[in-house]
Amino acid sequence: MMDIKLLEGQSQVSALFGVHLLDIVDQHPDLRVITADMSYIANLELFKSMHNEQFINVGIAEQNMIGMAAGMTSEGYQCVCLAQACFISMRCFEQVRQYMSYMGLPIILVGLSAGFGLQFMGNTHYAIEDIALMRSIPGITIFSPADAAETVLAFNAALDLKKPCYIRLSGLNRNLLYKDDFSYNPTQAHILKEGKDIAILSTGSMVLSALEAAECLERKLNVSVACVDCHCLAPLDVKVLTQHQKAKLLVTIEEHSIIGGLGSAVCEFAGEETGYPPVLKLGIKGYSVVGDYQYLLEQHRLTTPQIVEDIETKYMSIV
C-alpha cells in the first residue's frame, strides 16, 4: 500500500521517480530506466547513483531511446522511457508506432512537462497534441493522472499490464487531490462528485480545477454537478458516460488541444449513441503567446473562474 503522506508537496514527476521508483526497484531486477537527458529534471540522480546498472541516459536522442528500449524489451527487460512529452510523442511517433505498438512490446513511456509545463520554452515545447497522437496508435493504454498519488498508482498499473503504455504528466507542483488511500482501477474513471444536471469530465492537471468549478457552479446556479476524473484516456471508460447520459450538459476539460483529446474521445462515443446531451469541450484552442503557466492557462480560459463562466454560459443557453 502506498504511503500518501510521503507524497505531500511533491510534484508528479519527483513523486514517481524521486520517491516511488527507489521503493520498488528491488522488486523489479529486470527494470531498466532509459532517459533522453532528463535525469536531473525527473529527479533520477539518486536512482542513477544507487542503481547505475539499471539506468541509461541516451542523451538528446529520443528516437534512438525507443529503438533501444524495443531491443532490450524483446530480450526480457522491463523498460521505462522518459523524455519531454512533446518529444516522446511527436519526435518519436514513428518509432512508438512501429517498434512499440505494432510489435506489442510492453514499454512504458513517461511524458514529462505535458501541456504548458515548459512555460517559457515556447510553442515548440508545449505538448498539446500528445494525447491525440497516442490515441491514434492501436493498443496503447494512456494514463493522465491528476496528482502525485495517482501517478504512482498509474505507474504500478502500467508495470502490471504488460502492454504498451503512455503516462502523461501535466501541470506544475500542486496539492494532492487524493489524500487518502483509495481503490484504483486503471481503466475505470473516478467519480469524485455525483450530480445530475451537469457532468464535468476532466483529466490530468485540470481535475482539481474541475472539482473547484463544480462546487462553484452548484452555489451559483443551484444545480447538481458531477465531477469525474478520467485518468485513463485509452481505453476510455464509456460506462461513466452512460451513467451521466441524462445530464443536461457534458463538459470536458483538459490541458490539451480540444482536437483529439478527452473531448474528442467523449464525442466519438456519444456521437455513435443516442440520447446524449450537448458536449462543451474546454481546452487549448491553438498556439499561445509565450509566458508563465498561469498566463498560458488564462489565454485558453482554463483557470477556474473562466471555466465556471464558460460552463454557466453554455448551460444557460440550453435550459
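In helix H10, the buried residues (buried means under 20% relative accessible area, exposed over 50%, partly exposed in between, with a 1.4 Å probe and protein chains only) are Leu262, Gly263, Ser264, Ala265, Val266, Phe269 and Ala270. That's a handy place to start, because seven of the 10 residues of H10 (residues 262-271) are buried, so this helix is largely enclosed by the rest of the structure. You're looking at a predicted model, in which local features need pLDDT of at least 70 and side-chain atom pairs count only at pLDDT 80 or more, while totals for chains, interfaces and linings use all residues. Residues are numbered from 1 along each chain as its sequence is written, and side-chain values use heavy atoms, with hydrogens and water left out.

**The whole chain**

- The protein chain has 12 helices and 12 strands; helices (H or I, at least four residues) and strands (E, at least two) are DSSP runs, numbered from the N terminus.
- For 319 residues, a compact globule would have a radius of gyration near 20 Å, and the protein chain agrees with that at 19 Å. The radius is taken over C-alpha atoms, and the globule rule is 2.2 Å times the number of residues to the power 0.38.
- Measure the C-alpha trace along its principal axes and you get a span of about 60 × 40 × 40 Å.
- Of the 319 residues in the protein chain, 60% are buried.
- Take the contacts (heavy atoms within 4.5 Å) between residues at least 6 apart in sequence: 77% of them join residues at least 24 apart.

**Surface and charge**

- The protein chain's accessible surface comes to about 13400 Å², with 51% of that belonging to carbon and sulfur atoms. Accessible areas come from the Shrake-Rupley method with a 1.4 Å probe, and for residues only the protein chains shown count as cover.
- There are 22 positive and 35 negative charges, and their mean positions are 6 Å apart. Lys and Arg count as positive and Asp and Glu as negative, with His and the chain ends not counted; the place of a charge is NZ of Lys, CZ of Arg, CG of Asp or CD of Glu.

**Cysteines**

- The count of disulfides (pairs of cysteine sulfur atoms within 2.5 Å) comes to zero.
- Cysteine 86 is in no disulfide, and its nearest cysteine sulfur, that of cysteine 92, is 10 Å away. With 1% relative accessibility, cysteine 86 counts as buried.
- Cysteine 92 is in no disulfide either, and the nearest cysteine sulfur, that of cysteine 81, is 8.5 Å away. Cysteine 92 is buried too, at a relative accessible area of 0%.

**Around H10**

- The buried residues of H10 pack against two helices, H6 (130-135) and H9 (238-243), and against strands E8 (198-202), E10 (232-234), E11 (249-257) and E12 (279-284).
- Glycine 275 sits in the loop between H10 and E12, and this glycine is exposed, with a relative accessible area of 61%.
- From glycine 275 to leucine 169 it is 106 residues along the chain, and their C-alpha atoms are separated by 34 Å.

**Backbone oddities**

- As background, most residues other than glycine have a negative phi, and most peptide bonds are trans.
- The peptide bond from alanine 234 to proline 235 is cis, with omega near 0°; proline 235 lies in the loop between E10 and H9.
- Aspartate 37 has a positive phi, near 65°. You'll find aspartate 37 in the loop between strand E1 (31-35) and helix H2 (45-50), partly exposed at a relative accessible area of 41%.
- Asparagine 222 also has a positive phi, near 55°. This asparagine is in the loop between helix H8 (207-221) and strand E9 (225-229) and, at 71% relative accessibility, counts as exposed.

**Two buried spots to look up**

- Isoleucine 167 is in strand E6 (residues 165-170) and is buried, at 0% relative accessibility. Beyond its neighbours within four places in sequence, isoleucine 167 has contacts that include Ile108, Val110, Phe143, Pro145 and Phe155.
- Alanine 247 is in the loop between H9 and E11, yet is buried, with a relative accessible area of 8%. Setting aside neighbours within four places in sequence, alanine 247 touches Lys196, Asp197, Ile198, Ala199 and Pro277.
- Alanine 247 and tyrosine 276 are 29 residues apart in sequence, and 8.2 Å apart from C-alpha to C-alpha.
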